[in-house]
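Here are some notes to read alongside the model, written for someone meeting it for the first time. Keep the viewer open and take the points in order.

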Amino acid sequence: MTINITVYDFWDLRKAANPEPIIDSIHQEDYLCRYPKELGSGYYRWIPLREGILIEILETYLPQSIRWITHPHHQNSLEFGFILAGSGQDCDGQPKKSGEDYIFGGVYPQSNNNVDGAGNLSWVSLIIKPETLRTLIESYGEPLPQDLEKAIAGVPEYFNLRPSLITPAKQIALQQIVHCPYQGLTRKMYLESKALELVSLKLADQVAAPTEKLLRLQEIDRIHHARDILLRNIGNPPSLIDLARQVGINEYTLKRGFRQIFGTTVFGFLHSYRMEQARQLMLSGQIKIEQIAQIVGYANRSHFATAFKKKYGVNPKVYQMQKNI
């Protein structure tokens, strides 16, 4: 079953779900927005960088497909979008697939072709003002890419650059954005550097052939399935051989897939997830360190403390006290 909804109705639902701006308690430069419960679960995260550049991270689950009914409207910014999970169609009927990236903007046409498929939907978008992009490119003495000339000049027509695959280099930068380990000014500067890296990689579009064979769409889906299995079993994860067997690929493809999609090893991804879950649990101030260690899969508290300090630079007890003063 597919839900049909206008963009305007969605904005009304989103406003109702977020009557007050939500500022992240850890990263106070970020704004969070709950996804309307009538359509799914999850959130948007908006991270403003320099004037004219914004990072948007969407993590949501859709129990049913959503068909967006759009009316002609002008988007003043260009969007560099990177699909980490999910599929569907753009408003001009072009397919959207996990593992692809794209650039679009301009005047959106009236359409009912824009569809988000049911399931997990995860993307990172860089929202950039055309004049900001022009200044960035020209500051390096480079001519404007021909494909972007009209869009940057503000020509009022829909612009959708043909999608390309998210290469390993892009994937690493994306994961560094999603799992940024810094805070405050350092974080903002780090995220801006990664955003500009993604812009340059997208514009170059990997002119040189990548040295490692890219994953097929079916393999990407199986890697995401493997990730879900890991996250359901963080206390007792399967071995690499068992995990590969469960999702129907070989161990080499499993390891290659995690490097390309998540920018890390299989157990490097699991470790980062455990540490982030532990950090979130500590912020509640309601759970003891020993219990948190067990929840995220550590039988030994000292091993957990060592891993946490290596990740965040401070031991768990000190972190919990600092954040709950």
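The points below go from the overall make-up to the cores, the open spaces, two helices and a few single residues.

1. **The overall picture.** Keep in mind that this is a predicted model. The protein has 12 helices and 13 strands. It runs to 325 residues, and 46% of them count as buried. If you look at contacts between residues at least 6 apart in sequence, 66% join residues at least 24 apart.

2. **The largest nonpolar core.** A good place to start is the largest nonpolar core, which has 26 residues. Which residues have the most contacts inside this core? They are I55, F80 and L126. Strands and helices both feed it: β5 (53-62), β7 (73-85), β12 (119-128), α2, α4 (168-178) and α5 each supply at least two residues. The largest share comes from α5, with 5 residues. As background, nonpolar side chains in soluble globular proteins tend to be buried together.

3. **I55 and its contacts.** I55 is worth clicking on. Leaving out residues up to four places away in sequence, I55 touches R45, W46, I47 and L49. With that same exclusion, its contacts also include V124, S125 and L126, and further along the chain I177, L191 and A195.

4. **A second core.** Apart from the core just described lies another one, of 19 residues. Its members include L215, I229, V247 and L254. V247 will turn up again in the point on α7.

5. **The largest pocket.** This one has a volume of about 1400 Å³. Its lining is made of 43 residues, and Y43, E59, V178, H179 and E276 lie nearest its centre. The elements that give two or more residues to the lining are β4 (41-48), β5, β7, β12, α4, α6 (217-232), α9 (266-284) and α11 (301-312). Which element gives the most? That is α9, with 8 residues. By type, the lining divides into 20 nonpolar, 14 polar and 9 charged residues.

6. **The cavity.** How many cavities of 30 Å³ or more does a search of the whole structure find? The answer is 1. About 110 Å³ of space lies in this cavity. It is lined by 13 residues, with G99, I166, L215, I220 and I261 nearest its centre. β7, α6 and α8 each give two or more residues to that lining. The lining has 8 nonpolar and 5 polar residues, and no charged ones. Two names from elsewhere in this note come back here: L215, which is also in the 19-residue core, and β7, which also helps line the largest pocket.

7. **Helix α2.** In α2 (residues 130-139), the buried residues are P130, T132, L133, L136 and I137. Seen down the helix axis, these fall within an arc of 160°, so they line one face of α2. On the other side, T135 and S139 are exposed.

8. **Helix α7.** The same kind of view works for α7 (residues 240-247), where L240, L243, A244 and V247 are buried. Down the axis of α7 they fall within an arc of 100°, so these residues also line one face of their helix. What covers them includes α6, α8 (251-262) and α9. Just after the helix comes G248, with a positive phi, near 80°.

9. **E219 in α6.** Is E219, which is found in helix α6, buried or exposed? E219 is buried, because its relative accessible area is 9%, under the 20% cut-off. Beyond residues up to four places away in sequence, E219 touches T253 and R256.

10. **Two serines.** S200 sits in helix α5 (residues 184-204) and is partly exposed, at 41% relative accessible area. Its C-alpha is 9.2 Å from that of I137, although the two are 63 residues apart along the chain. S87 belongs to strand β8 (residues 87-89) and is also partly exposed, at 40% relative accessibility. S87 and K97 are 10 residues apart in sequence, with 4.5 Å between their C-alpha atoms. Setting aside neighbours within four places in sequence, S87 is in contact with K96, V115, D116 and G117.

How values were computed. Residues numbered from 1 in each chain as written. Predicted model: local features only at pLDDT ≥ 70, side-chain atom pairs only at ≥ 80, totals over all residues. Heavy atoms only, no water. Buried < 20%, exposed > 50% of the residue type's maximum accessible area, 1.4 Å probe, protein only. Helix = DSSP H or I, 4+ residues; strand = E, 2+ residues; numbered from the N terminus. Arc of directions from axis to C-beta. Core = buried A, V, L, I, M, F, W, Y, C linked by side-chain atoms within 4.5 Å. Contact = heavy atoms within 4.5 Å. 1 Å grid on protein atoms, 1.4 Å probe; cavity = no way out; pocket = protein on both sides within 12 Å on 5 of 7 lines; lining within 4 Å. Points joined across faces, edges and corners; volume = space filled by probe spheres on them. Nonpolar A, V, L, I, M, F, W, Y, C, P; charged D, E, K, R; others polar.
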